[in-house]
Amino acid sequence: MEEKKIFVTRSSMPPYEEYIEAIKPLWDSHWLTNMGEYHQKLEKELCDYLQVPEISLMVNGHMSLELTIQAFGFPEGAEIITTPFTFISTTHAIVRNHLKPVFCDIKASDGTIDETRLESLITEKTVAILPVHVFGNICAVEEIERIAREHHLKVIYDAAHAFGETYKGVGIGNYGDVSIFSFHATKVFNTVEGGGVVCKNHALYEKLYNLKNFGIRGEELVSDIGANAKMNEFSAIMGLCNLRHIEQALESRRQIESLYHDLLKDMDGIRFFDENPDVKRNHAYMPILVQPKDGKSRDEIYDRLIEKGIHARKYFYPLTSDQECFGRQYQCEELTVAREVSDQVLCLPIYEGLQEEDVRSIVKEII
Ligand SMILES: *Cc1c(COP(=O)(O)O)cnc(C)c1O
C-alpha cells in the first residue's frame, strides 16, 4: 500500500467551478495580461483587505523585492542590513542588485532581526534596513523606524509571511518605507505565483510600474530600463477567488495551530516562538524549536517524520549568509543566536484542511 504523505504545506484553492466560472470572461475579452481588468480589481480588493492605500501587483514576491530595491537607486556597493534567518530570496534580492548584505543577529524569542544590534552595524555605506517578519512574527517596527530616521536609512520589510496581519490594529504593510508580499502557491494567500509591493511614497509606484513593464510609457516611449514582472489575469482571478475564502482558510490554520500547541506545550525540550499580543496573526507557519537533549536533536525528529511520510521542513537552515553561492563573502561570526535558532527550528505541516487526526499522528511521532 502506498503510504500517505503529508507535506509542510498545501496550496489553498477555490472550488473548481468557481474558478472556471470566473475565468470565462477572458474567452470574450482575450485580454490575458498587461494590467487588465482583473489585475486592477485584485489591486483594489487587496488594498481593502490589507488596509493599505495602494499596492502594485507583481509576478512574484521575489521580483517585488528585487525591483523595489532597484527602484531606490542605491549606489553600487552600498550596504543593506538584513537577517540571515530567512528564505534565500531576501538575500538574493540584495546581491542581485550589486549591493552588500550585512547580516544582523536575530532574537531567540521570535526569530526577527535583533533591533538592539542594528546601530552597531551601520557604516557610512549603509543605505537601508531589510528585516523580515519571519513566520509572521512582526519585527520591532517602532524601534527600527526610530533608528532608520535617525540615520537616514530606508526600511524595506520582507512581509512575505505576514499577509493580512495587523500590528496594533494597523495593516502590516503600512510600516516602513516599503513592504513586499508574496502570493506564491505555498503562502497563506496565493495567486499561483504572485506578489505585491506597498509603498509610503507615491513616486515609488511610478518607478515600480516602469520596472515591471519594460519602462514602457507610451507607444513610442521607453523611459526606464525595466524588466517584465507583471501579474497575469489568470493569476489575478485566482487571487480574487482565494480572497473570498481567506477567512475560512485562516480559521482552519488557527485551529490546527492551537491543537499543535495544546499537544506539544508540556513537552520537555520543545518550545515555540513568543506570540506578540499586539499582532493579529495569520498562522502561516508552525515552527517549533527543539532543544538538543540526551543527544537527541531537531534532525532526528526531522528524519523520523520523513520515515513516516511526514515532510516537515528545516526553515530556515542553513542561514542564508552561509549558503554556498555566496562563498565566504558575507559570512559573519556574530550570528550566535541565528545559528542556534537555525539548528533548532522545524516547521511542521500546517495548511487549510489538514486533518486533526493527522496533527495527532505527527505529534505522536515527535513525542
Ligand atoms: C516566499 C518568500 C519570498 C519570495 O516570494 P516568491 O513569491 O516565492 O517569489 C521572499 N521572502 C520570503 C521570506 C519568502 O518566504
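**Exercise 1. In which loop is the place of His98?**

Solution. This is a predicted model. Start with the flanking elements. Helix H5 covers 88–95, and strand E4 covers 100–103. His98 sits in the loop between H5 and E4. Now read the backbone. Phi of His98 is near 60°. That is a positive value, in a residue other than glycine.

**Exercise 2. Find the cis peptide bonds in the loop between E16 and H12.**

Solution. Step one: set the limits. Strand E16 is 310–311 and helix H12 is 336–344. Step two: check Phe316, which has its place in this loop. The peptide bond from Tyr315 to Phe316 is cis, and its omega is near 0°. Step three: go on to Pro318, also in the loop between E16 and H12. Tyr317 and Pro318 are joined by a cis peptide bond with omega about -5°.

**Exercise 3. Describe how H3 packs on H9.**

Solution. Two packed helices are described by the angle between their axes and the distance between the axes. Begin there. H3 spans residues 37–50, and H9 spans residues 233–244. Their axes are 8 Å apart, at an angle of about 35°. Next, the handedness: H3 passes H9 in a left-handed crossing. Then list the partners. H3 brings Glu37, Tyr38, His39, Lys41, Leu42, Glu45, Leu46 and Tyr49. On the H9 side they meet Glu233, Ala236, Ile237, Gly239, Leu240 and Leu243. Finally, sort this contact by class: eight residues are nonpolar, two polar and four charged.

**Exercise 4. Do the same for H10 and H13.**

Solution. H10 runs over residues 246–264 and H13 over residues 356–366. The axes come within 10 Å and cross at roughly 30°. Here the crossing of H10 past H13 is right-handed. From H10, the contact uses Ile256, Leu259, Tyr260, Leu263 and Leu264. From H13, it uses Glu356, Val359, Arg360, Ile362, Val363 and Ile366. By class, the contact of H10 with H13 has nine nonpolar residues, two charged and no polar ones.

**Exercise 5. Which residues come nearest to the ligand, and how much of the ligand's accessible area does the protein cover?**

Solution. First, the surroundings. There are 14 residues around the ligand. Gly61, Asp158, His161, Ser182 and Lys187 come nearest. Second, pick out polar atom pairs:

- His62: a polar backbone atom is 2.7 Å from an oxygen atom of the ligand.
- Asp158: an N or O atom of the side chain is 2.7 Å from a ligand nitrogen atom.
- Lys187: an N or O atom of the side chain is 3.2 Å from a ligand oxygen atom.

Third, the cover. On its own, the ligand has 380 Å² of accessible area. The protein covers 93% of that area.

Key. Residues are numbered from 1 along each chain as its sequence is written. This is a predicted model: local features need pLDDT of at least 70, side-chain atom pairs count only at pLDDT 80 or more; totals for chains, interfaces and linings use all residues. Side-chain values use heavy atoms; hydrogens and water are left out. Axes are lines fitted to C-alpha atoms, for helices over the stretch in contact, and angles run from 0 to 180 degrees between N-to-C directions. Helices (H or I, at least four residues) and strands (E, at least two) are DSSP runs, numbered from the N terminus. A crossing is left-handed if the near helix is turned anticlockwise from the far one by less than a right angle, and right-handed if clockwise. Contact means heavy atoms within 4.5 Å. Ala, Val, Leu, Ile, Met, Phe, Trp, Tyr, Cys and Pro count as nonpolar, Asp, Glu, Lys and Arg as charged, and the others, Gly among them, as polar. A residue is near a molecule or strand if one of its heavy atoms lies within 4 Å of it. A polar contact is a pair of N or O atoms within 3.5 Å; within protein, one must be able to donate a hydrogen and the other to accept it, and residues adjacent in sequence count only if both atoms are side-chain atoms. Accessible areas come from the Shrake-Rupley method with a 1.4 Å probe; for residues, only the protein chains shown count as cover.
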